[in-house]
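Here is a short set of exercises to work through with the model open beside you. Try each task before you read its solution.

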Amino acid sequence: MQQPPSRTPGLSVFFPAYNDSGTIASLVIAARQTAASLTSDFEVIVVNDGSADSTAQIVDELARTYPEVRVVHHAANRGYGAALRSGFAAATRELVFYTDGDAQYDPSEMAMLWNALRSDVDLVNGYKISRSDPLHRIVIGRVYHHTVKLLFGLRIRDVDCDFRLLRRAIFDRVSLETSSGVICLEMMKKIQDAGFTVAEVPVHHYHRAYGKSQFFNFRRLFKTAIDVGALWFALIVRREHMRHETPRMSAADTLPPHPRDRA
């Protein structure tokens, strides 16, 4: 008896955005086109994290124009981690992809992550082929990357590459609490410790053409160091996230096979 074709999983795409009025419209349009080429069941969400420029008006107009687009507004800036948590909470499809609203990554490369998401993979993590940033940012980024890999025992190439496709069912077991930029460190450590399977795909990283980074100043770097220390104490010393662990079941076990796995 012939088996019915496997259902293509639905896809939620979201962008955390803060003062990204110069880039967010093109990103949303590119994400719609790419998502539509992968599945007929998709949505695109923008989390406007209290932007002071015209980001709110632009994304509201995008939502009026395209039925697949939704907007989550933060009345005030809550931080990158809070924006990510809002995006994951708003996502309704089995698969979730996110990247930043500053256009340093190309949403069309989402297709490469989609093709790498086999049935035995729970998350596909991008890693930068080369970093297109000023020298001081490259140096600081490398120091941060190697430091947190050592401190947290991470086994991925690029913890700070915000270009990820993952199964939403991961968050049935992984709870994110951080509101700052160290949320990516928290997320990847908790996902690794929960036993989920991670694949990695190289992606391009582009020069920031609009706006400026909120991260690379002394005050923010000092706060990040404090946040990393607090997270290290919670996850490595106290191991708070491991106290109520249950036997692992891969998120893939709860979902239909990925289209790439069809016989």
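**Exercise 1.** How many helices and strands are there in the protein?

*Solution.* Before counting, note that this is a predicted model, in which local features need pLDDT of at least 70, side-chain atom pairs count only at pLDDT 80 or more, and totals for chains, interfaces and linings use all residues. Residues are numbered from 1 along each chain as its sequence is written, and side-chain values use heavy atoms, with hydrogens and water left out. Now take the elements as DSSP runs, numbered from the N terminus: helices are H or I with at least four residues, strands are E with at least two. The protein has seven helices and seven strands. Read from the N terminus, their pattern is β-α-β-α-β-α-β-α-β-α-β-α-β-α.

**Exercise 2.** Work out in which order the strands lie in the open sheet.

*Solution.* Start with the pairing rule: two strands pair if DSSP finds at least two bridges between them. The seven strands then line up as β3-β2-β1-β4-β6-β5-β7, with mixed pairing. At the edges are β3 (69-74) and β7 (198-203), each of which pairs on one side only. Next, zoom in on β4 (residues 95-99) and β6 (residues 163-167): these strands run antiparallel and are joined by five bridges. One residue to look up is threonine 99, whose bridge partner in β6 is phenylalanine 163.

**Exercise 3.** Explain why the structure holds zero disulfides.

*Solution.* First, the chemistry: a disulfide is a covalent bond between the sulfur atoms of two cysteines. The criterion here is a pair of cysteine sulfur atoms within 2.5 Å. Next, take the sulfur of cysteine 161: the closest cysteine sulfur belongs to cysteine 184 and is 9.4 Å away, too far for a bond. Finally, check burial, where buried means under 20% relative accessible area, exposed over 50%, and partly exposed in between (1.4 Å probe, protein chains only). Cysteine 161 is buried at 0%, and cysteine 184 is buried at 1%. For context, buried residues make up 49% of the 263 residues in the protein.

**Exercise 4.** Find which residues make the nonpolar surface patch of about 340 Å².

*Solution.* Select residues with over 30% relative accessible area and no salt bridge, then join nonpolar side chains (Val, Leu, Ile, Met, Phe, Trp, Tyr) within 5 Å. A salt bridge is a side-chain nitrogen of Lys or Arg within 4 Å of a carboxyl oxygen of Asp or Glu. The patch consists of Leu151, Trp232, Phe233 and Val237. Helix α7 (residues 218-237) gives the largest share, three residues. Tryptophan 232 lies in helix α7 and is partly exposed, at 31% relative accessibility.

Key. Patch = residues over 30% accessible without salt bridge, like charges linked within 9 Å, V, L, I, M, F, W, Y side chains within 5 Å. Areas by Shrake-Rupley, 256 points an atom, 1.4 Å probe, with all protein chains shown as cover.
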